[in-house]
Amino acid sequence: MNDDWICGRLGEDEPWALGAVNPPVFENSLFTFETAGDLAEAIKDEDERYVYWRGTNPTVDLAQRKLAALERAERAKCFGSGMGAISATVSSLVSGGDHVLVLGAIYGPTTQFLRYLEKFGVTHTHVGDPAGLDSAIRANTRVLYFESPSYMSYRVVDIPAVTAWASGNGLVSVMDNTWSTPLFQKPLTMGVDLVIHSLSKYVGGHSDLVGGVVAGSAELIRPIALTEYQLYGAAMSPHDAAKVIKGLRTLPVRMAAHQERGLAVAAFLDRHEAVRAVHHPGLASHPDHELARRQMAGFSSVFGLELDTDERQVVAAFLDGLKVFRIGVSWGGFESLVAAPALTTEESVRVTMGIPVGLVRLSVGLEPADTLVEDLALALEGVVRLA
Ligand SMILES: Cc1ncc(COP(=O)(O)O)c(C=O)c1O
């Protein structure tokens, strides 16, 4: 099925009541039944039937059906945040004594969650490169977890190769696909078992939503929906599901604009004397560009820019010099954002992760590309002066 159709219309073939173009928001914490027997029947199937909002809700269900279709998954489950989806998914796959393999750089709180699992006897190992997987796997390894492009470094993982390795070794592979959105990359078609998104980024797109989703086979999603979803309680609210549905309606056109503007800004920076490197997999200069083109249908607009400096105050002055880019965490919204790990990450963590002092993350929003380039050019003049 066509992605544009899925985003705009899937699950909405019949007009809503009164001819409304948008679905109703089912603001119901519970649903009632004709008989006690009907309720007893519904509870047996609580991940599919509407019983109580912490388990299921029709508005959330519609968002889930669209996201599952976009990821070519049998089922999807939406959560109250990306971390809700990540923690529930990993928890569902491991028991005390198990081991998780992590490939490449991943979102910081995901690593923190894996560290948290140590108190339940679940251990993990970080491997920088696929070449290290064979020596890191153990008899008790259950899960291979990764992002592609990887967090902050924007290196691209050869998804078919690593998932073939994972399934050959009996592991469940889990991939965070937030960077690409379900439009630009479909990991399940390349062998990934479970794909996760923070919906707080491009899918929401308006910086007014925190949400997450996991998608995959019905066999893997059902236990998550019945157990971790219900017990951890990170349920998505119907209001947030309505925002997901709204975000999806315009996702294809927004992503086309993000891609175009992101690449224009990255190309400008790639030629600038105050810039050591630009880490954007859509640039021909990126070491994984060919691989990225093979497995991705497009490029989002979050990337790393390495300033030609090792001084924190130069990085801070660069951020302060920007007038259109706003300083803040998160990414994928309509507004351009900038953040610098050297100014916000604990020093020992920055060094362990191999993040240079001069690394800055840009999230290119929907402002005109020439306005963004002008803003960056002025702030970079300051970097050249201070060098
Ligand atoms: C790559 C990635 N995955 C997951 C998350 C977590 O998502 P949320 O903030 O919705 O919990 C983030 C948040 O920044 C992220 O950048």
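Colleague: Let's start with Tyr 50. Buried, partly exposed or exposed?
Modeller: Tyr 50 is partly exposed, at 27% relative accessible area. Keep in mind that this is a predicted model.

Colleague: Which ring does Tyr 50 pair with?
Modeller: Phe 31. The two ring centres are 5.7 Å apart and the planes sit at 40°. That angle falls between 30 and 60 degrees, so the pair counts as tilted.

Colleague: And Phe 31, buried or exposed?
Modeller: Phe 31 is buried, with 19% relative accessibility. The cut-off for buried is under 20%, so Phe 31 meets it.

Colleague: Where do Phe 31 and Tyr 50 sit in the chain?
Modeller: Both are in loops. Phe 31 is between helix H1 (3-9) and helix H2 (36-44). Tyr 50 is between H2 and helix H3 (58-70). The pair therefore ties together parts that are 19 residues apart in sequence.

Colleague: How many aromatic pairs are there by this rule?
Modeller: The count is 6 aromatic pairs. Another one of them is Tyr 116 with Phe 120.

Colleague: What's the geometry for Tyr 116 and Phe 120?
Modeller: Their centres are 5.7 Å apart and their planes are at 75°. The angle is over 60 degrees, so this pair is edge-to-face.

Colleague: Buried or exposed, those two?
Modeller: Tyr 116 is partly exposed at 42%. Phe 120 is partly exposed too, at 48% relative accessibility.

Colleague: Which residues make up the aromatic cluster there?
Modeller: Phe 113, Tyr 116 and Phe 120 form one cluster. Phe 113 also turns up where helix H5 meets helix H4.

Colleague: Good, on to those helices. What angle do H4 and H5 pack at?
Modeller: About 35°, with the axes 11 Å apart. H4 covers residues 82-93 and H5 covers 108-116. Their crossing is right-handed.

Colleague: Which residues meet there?
Modeller: H4 brings Met 83, Ile 86, Ser 87, Val 90 and Ser 91. H5 brings Pro 109, Thr 110, Phe 113 and Leu 114.

Colleague: What about Thr 89, where is that?
Modeller: Thr 89 is in helix H4. Its relative accessibility is 0%, so Thr 89 counts as buried.

Colleague: What does Thr 89 touch?
Modeller: Beyond four places away in sequence, Thr 89 touches Val 174, Leu 194, Ile 196, Val 214 and Ile 224.

Colleague: Changing topic. What does UniProt list for Lys 201?
Modeller: The unreviewed UniProt entry lists Lys 201 as a modified residue, N6-(pyridoxal phosphate)lysine.

Colleague: Where is Lys 201 in the fold?
Modeller: In the loop between strand S6 (194-198) and strand S7 (212-216). Lys 201 is buried, at 13% relative accessible area.

Colleague: And its contacts?
Modeller: Lys 201 touches Thr 178, Ser 330, Trp 331 and Gly 332. That leaves out residues up to four places away in sequence.

Colleague: Which lysine lies over the face of Tyr 229?
Modeller: Lys 77, at 4.2 Å from the ring centre.

Colleague: Last one, Arg 155. Which loop is it in?
Modeller: Arg 155 is in the loop between strand S4 (141-147) and helix H7 (159-168). Arg 155 is partly exposed, with 42% relative accessible area.

Colleague: What does Arg 155 touch?
Modeller: Ser 148, Pro 149, Ser 150, His 286, Pro 287 and Asp 288, not counting residues up to four places away in sequence.

Colleague: How is Arg 155 placed against Val 329?
Modeller: Their C-alpha atoms are separated by 21 Å. Along the chain, Arg 155 and Val 329 are 174 residues apart.

Terms used: Residues numbered from 1 in each chain as written. Predicted model: local features only at pLDDT ≥ 70, side-chain atom pairs only at ≥ 80, totals over all residues. Heavy atoms only, no water. UniProt positions renumbered as here; feature names shortened; annotations may be inferred. Helix = DSSP H or I, 4+ residues; strand = E, 2+ residues; numbered from the N terminus. Buried < 20%, exposed > 50% of the residue type's maximum accessible area, 1.4 Å probe, protein only. Contact = heavy atoms within 4.5 Å. Phe/Tyr/Trp six-rings, centres within 6.5 Å; stacked < 30°, edge-to-face > 60°. Lys NZ or Arg CZ within 6 Å of the ring centre and 35° of its normal. Axes fitted to C-alpha atoms, helices over the stretch in contact; angles between N-to-C directions. Left-handed = near helix turned anticlockwise from the far one by under 90°.
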